[in-house]
Number of protein chains: 2
Amino acid sequence: MTARPESPYPMLPVPEALEVVLAQAHPLPAQTVPLAQALGHILAADVVAREPLPPFPASVKDGYAVVAADGPGDYPVVGEVTAGRVADFRLSPGTVAYITTGAPLPPGADAVVMVEETERLPTDDGTPRVRIHARVKPGDDVRPVGVDVAAGQQVLAAGEYIGPAEVGLLATAGVTQVPVYPRPRVAVLSTGDELVEPDQPLGPGQIRDSNRAMLLAAVAANGGIPVDLGIAGDSQEALEAGVQRGLAEADILLSSGGVSMGELDLIKPLLEHAGTVHFGRIHMKPGKPLTFATAQVAGRKKLIFGLPGNPVSSLVTFYLMAVPAMRQMAGWPNPHLPRVQAHLAQPLPLDAHRPEYHRATLRWEPSLNQGRGGFLATSTGSQASSRLLSMRTANALLELPQRAGRLEAGDVVTALLIGPLG
Amino acid sequence: MTARPESPYPMLPVPEALEVVLAQAHPLPAQTVPLAQALGHILAADVVAREPLPPFPASVKDGYAVVAADGPGDYPVVGEVTAGRVADFRLSPGTVAYITTGAPLPPGADAVVMVEETERLPTDDGTPRVRIHARVKPGDDVRPVGVDVAAGQQVLAAGEYIGPAEVGLLATAGVTQVPVYPRPRVAVLSTGDELVEPDQPLGPGQIRDSNRAMLLAAVAANGGIPVDLGIAGDSQEALEAGVQRGLAEADILLSSGGVSMGELDLIKPLLEHAGTVHFGRIHMKPGKPLTFATAQVAGRKKLIFGLPGNPVSSLVTFYLMAVPAMRQMAGWPNPHLPRVQAHLAQPLPLDAHRPEYHRATLRWEPSLNQGRGGFLATSTGSQASSRLLSMRTANALLELPQRAGRLEAGDVVTALLIGPLG
């Protein structure tokens with residue numbers, strides 16, 4: 001044991017650290033996935049409609065296909081067209097045909113009169129007859145060919161997020177094998193001899209490993225594919241095995257614990273050996289000891305985040321640094337967490353030495369901004385970095401400036417959204 | 001074929017229809033799921049910590065465990081405690097012990113001096129010695145027992161949403177079998193002889209079934225478990241088989257198509273036969289012909305939504321009615337879509353006859369509200385109910401009032417959030 005110097009890593013401001021991370025995170029090679037698995041991905045190529053929609057002039061209503069020029073009057077019903085069928089006849093002036101919503105207009109017809117504007121008449125010769133009450137114009141209650149989508153029209157562009165509506169548009173265009181950027185695989189490794197699995201009884205000096213379950217959930221909640229690497233004890237061999245497995249199986253490796261200044265901080269030397277350490281400390285509260293490294297494995301660049309062991313520091317730095325990296329690898333054109341402004345519900349103390357990411361619950365309050373509405377931010381209470389309860393119900397990180405004093409209730413701060421709005 | 005009367009179903013206003021739906025949607029019976037599957041569920045029971053956290057007085061830093069009253073000076077290092085180990089010695093006044101972050105304080109010690117405030121001294125008798133520079137108080141750099149979580153403290157309450165932090169809290173409390181409300185299973189059935197699977201070539205009079213893929217994705221995106229019932233043609237038998245399978249396998253059945261006034265509208269009579277139809281029309285644009293029914297199947301109440309065939313009407317009514325029902329069944333205390341206010345980016349025409357749910361993309365604009373920020377709503381363009389492109393990139397439904405005229409750019413409207421903020 002020898003006395004150690006200050007950490008050799010400079011303390012990077014958060015925006016600068018994020019730039020360093022994003023400069024290393026590149027979209028993963030595009031893949032093709034079946035339509036049923038496309039939800040939540042970013043589209044990797046433009047999608048163009050091959051056929052127009054509708055592909056035929058389609059009735060908007062149930063009623064009668066007519067020649068508009070005929071006008072109101074009594075007419076023989078010479079046929080019937082239902083959706084999915086095509087007429088085997090041509091409509092002549094002076095005749096009408098029964099038609100259902102979505103059915104192709106028979107040739108010769110140019111409008112539809114909805115059934116509510118008609119009346120069936122008694123018939124004696126077997127040919128049904130109908131009284132048309134309404135006067136219609138050509139095109140009335142008909143969707144022309146291509147009115148919703150023209151043939152050759154771009155219906156989706158590369159870089160767009162595939163939500164439910166976009167899945168519908170892909171189906172409409174007949175694209176059932178979808179070019180997308182894959183979700184990044186994110187492996188999570190816990191380190192520390194004091195950790196036991198959550199379902200095990202606690203021995204002396206032991207605590208449960210909460211970070212791994214939490215980070216695996218956070219990966220899934222943010223569009224990644226979680227890979228569980230288990231707990232590595234504080235031995236060089238166990239750690240190295242975990243890191244190597246993570247680098248082989250995943251695009252991003254998250255380790256938590258083992259990154260402060262202790263003698264058992266084996267992660268940093270290991271990362272220096274395995275690849276390039278880009279930074280080792282970050283100027284923020286909580287979460288100062290965050291290490292970011294990259295390694296080339298089988299021709300692919302892997303990202304490694306050595307997250308702090310404190311659960312809050314670990315999750316906050318995950319959101320600030322790893323989520324934007326995950327999004328960039330998943331092809332998001334804007335990888336940043338959504339940033340909004342919020343009115344403080346109570347005074348908050350500031351930290352004179354570090355900018356703070358204060359956990360809060362945002363809800364929309366219609367009476368703010370003279371009735372035009374705004375977000376009200378309620379603190380989750382004590383912000384100790386070991387107190388995971390400070391993340392309970394939190395859906396935002398308030399960006400508090402580094403200075404002495406405090407902010408007052410009603411003051412407006414910026415907030416990064418990390419969870420759904422309630 | 002006979003002339004038919006106006007629809008027998010009264011036209012319900014949206015808020016009233018939603019009340020009717022929510023009165024029929026009850027939380028599903030609670031289940032226990034493994035911790036790794038708890039994400040995204042609502043907790044069905046309070047969670048209380050059995051042990052305090054930390055369970056022992058823990059060092060916050062790497063450094064030396066000391067007796068604070070000793071003060072600065074040179075001391076022998078009589079032992080070492082690392083995380084996961086417990087001291088096999090008691091610290092006497094006038095001695096110190098090396099300690100790492102997270103390790104239990106040895107008995108006799110009452111504070112920690114961080115390593116940066118110390119200096120290793122040369123030794124000649126084999127006992128390491130250290131110079132302590134800092135004066136500390138009892139408790140300095142020590143996390144007392146239970147400071148983060150007290151034994152017996154409630155760490156989570158029934159009704160709370162389980163996000164990543166809550167997964168971490170469950171792990172901390174050792175709860176690896178988690179009582180939750182299950183996600184509802186939601187079956188989707190398309191109806192219509194004109195529909196073909198998206199990967200099939202279009203024959204005359206045919207269109208691709210986009211609604212089913214879209215609704216299955218929307219179910220998944222909103223926390224449900226999708227069940228694909230395929231396409232039923234417009235025959236009573238095919239429809240009935242689809243409905244029966246949906247009611248047997250799912251908690252909610254969504255059918256799309258076949259609910260307007262046509263002769264082939266077989267869904268409503270079928271639902272009247274299978275259960276109770278609560279309403280058949282809804283006073284809104286788009287999506288007027290929405291049918292809502294319930295049926296008792298094997299002692300459980302199933303919900304049935306007969307969605308319109310137009311893709312936009314179908315998806316909009318899904319968000320307005322089915323998502324709150326799904327959330328209520330999944331145990332959400334507040335099942336409603338988040339409602340915010342937004343400033344219009346452009347003028348919008350109003351409908352004099354129906355309130356309209358106008359599709360728009362919301363983004364945060366920091367300059368609004370005199371620099372305190374607000375949402376800016378950009379219309380997705382033509383709002384024809386057959387034009388699914390009007391849902392592309394939309395993350396909100398603007399609630400436009402029923403009246404003549406138009407709204408101007410800058411006017412503030414309420415908006416329901418249906419997708420992630422960009």
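Hi everyone. Helices (H or I, at least four residues) and strands (E, at least two) are DSSP runs, numbered from the N terminus. With that in hand, let's go to a glycine.

This is a predicted model, where local features need pLDDT of at least 70 and side-chain atom pairs count only at pLDDT 80 or more, while totals for chains, interfaces and linings use all residues. Residues are numbered from 1 along each chain as its sequence is written, chains are lettered from A in the order in which they are written, and side-chain values use heavy atoms, without hydrogens or water.

B:Gly84 sits in the loop between strand E7 (73-81) and strand E8 (96-99) of chain B. Is this glycine buried or exposed? B:Gly84 is buried (under 20% relative accessible area, 1.4 Å probe, protein chains only), at 17%. Its C-alpha atom is 8.0 Å from that of B:Gly102, 18 residues apart along the chain. Beyond its neighbours within four places in sequence, B:Gly84 is in contact (heavy atoms within 4.5 Å) with A:Asp193, A:Glu194, A:Pro204 and A:Gly205.

That takes us to the interface. Here 98 residues of chain B are in contact with 97 residues of chain A. How many salt bridges are there between chain B and chain A? There are six, a salt bridge being a side-chain nitrogen of Lys or Arg within 4 Å of a carboxyl oxygen of Asp or Glu. B:Glu51 and A:Arg208 form a salt bridge through their side chains, at 3.1 Å, N to O. On the side of chain B that touches chain A, helix H2 (residues 164-172) of chain B gives the most, with eight residues.

Thanks, everyone!

Key
Buried < 20%, exposed > 50% of the residue type's maximum accessible area, 1.4 Å probe, protein only.
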